[in-house]
Amino acid sequence: MFPHRLLDPQTPLEGLLSNPQRTGFLDSLHNPTKLMSFYNGVLGLPYRPDSSGLSLSYLHSRVTDTQVSGLTCMGIDVGEKLHVVIVTFQDQHGHVQAALTLDSWTALEGLFAFYQPMVSVVDLNPERSKVRDTQALFPALYACQFVTEGNRLTSLHPKVDHDKRLISAHRTLVIDDMIAQFAEGRLTFAPGLSGEFFAHLTAP
């Protein structure tokens, strides 16, 4: 057993730069969590991610009225209200069509009917019973639970249980993946999205 992969003679050096699992150095440049994992687990070096977030001016620069057709997905963040984001993906590009705030779970029915998302993801917590009730109505709705093991990642990749319609993912990594999409120019916004939505994205 080697303390880190760089010392392992079985590790191909080209795989440290880029690999199909997207855990190499070049794959991790725009993702602070993956980069930290690369430094710690592959190089055996300490690394502290840059805590700087997205600027409002940068987000506004990503606004475009270009229409995108492809796979439509819905994400639902559960709090005092439901915060819903509709994103259409085409190849490696995602376009945020809408960002809405709902007062009730029943209001989701109209959004499902209007946007007809192929895949939808909702926070499993804290409203587990309401999530399960809503899943019974919409077969394409998956619940997401965010898992950690102390301060370490349980996995660099989300785990999907299709039978239970359950996704297990690391919250920080999910956020970092989204930031990486911005940095790589793979995520844009439709005009007219609320200031509240942009404020949420730029929060520390």
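Which residues does Arg 62 touch, when residues up to four places away in sequence are not counted? In this predicted model, Arg 62 is found in the loop between helix 4 (56-61) and strand 1, and its contacts, counted in that way, are Phe 182, Gly 185, Arg 186, Leu 187, Thr 188 and Phe 189. With a relative accessible area of 18%, Arg 62 is buried, because the term applies to residues under 20%.

The largest nonpolar core comprises 19 residues, of which Met 74, Ile 76, Leu 82, Val 84, Trp 105, Leu 108 and Val 122 touch the most other members. At least two residues of this core are supplied by each of strand 1 (71-78), strand 2 (82-90), strand 3 (93-102), helix 5 (108-115) and strand 5 (141-146). The surroundings of one of these core residues, Val 84, can be listed in detail: leaving aside residues up to four places away in sequence, Val 84 touches Met 74, Gly 75, Ile 76, Ala 98, Ala 99, Leu 100, Leu 102, Leu 108 and Leu 111. Another core, of eleven residues, lies apart from the largest one, and among its members are Val 87, Val 96, Leu 193 and Leu 201.

Leu 201 also appears in helix 8 (residues 195-202), where the buried residues are Phe 197, Phe 198 and Leu 201. These three residues lie on the same side of helix 8, because they cover an arc of only 95° around the axis. The face of helix 8 that is turned away from this buried side carries the exposed residues Gly 195, Glu 196 and His 200.

Key
Residues are numbered from 1 along each chain as its sequence is written. This is a predicted model: local features need pLDDT of at least 70, side-chain atom pairs count only at pLDDT 80 or more; totals for chains, interfaces and linings use all residues. Side-chain values use heavy atoms; hydrogens and water are left out. A nonpolar core is a set of buried Ala, Val, Leu, Ile, Met, Phe, Trp, Tyr and Cys residues joined through side-chain atoms within 4.5 Å. Buried means under 20% relative accessible area, exposed over 50%, partly exposed in between (1.4 Å probe, protein chains only). Helices (H or I, at least four residues) and strands (E, at least two) are DSSP runs, numbered from the N terminus. Contact means heavy atoms within 4.5 Å. The arc is that of the directions from the helix axis to the C-beta atoms.
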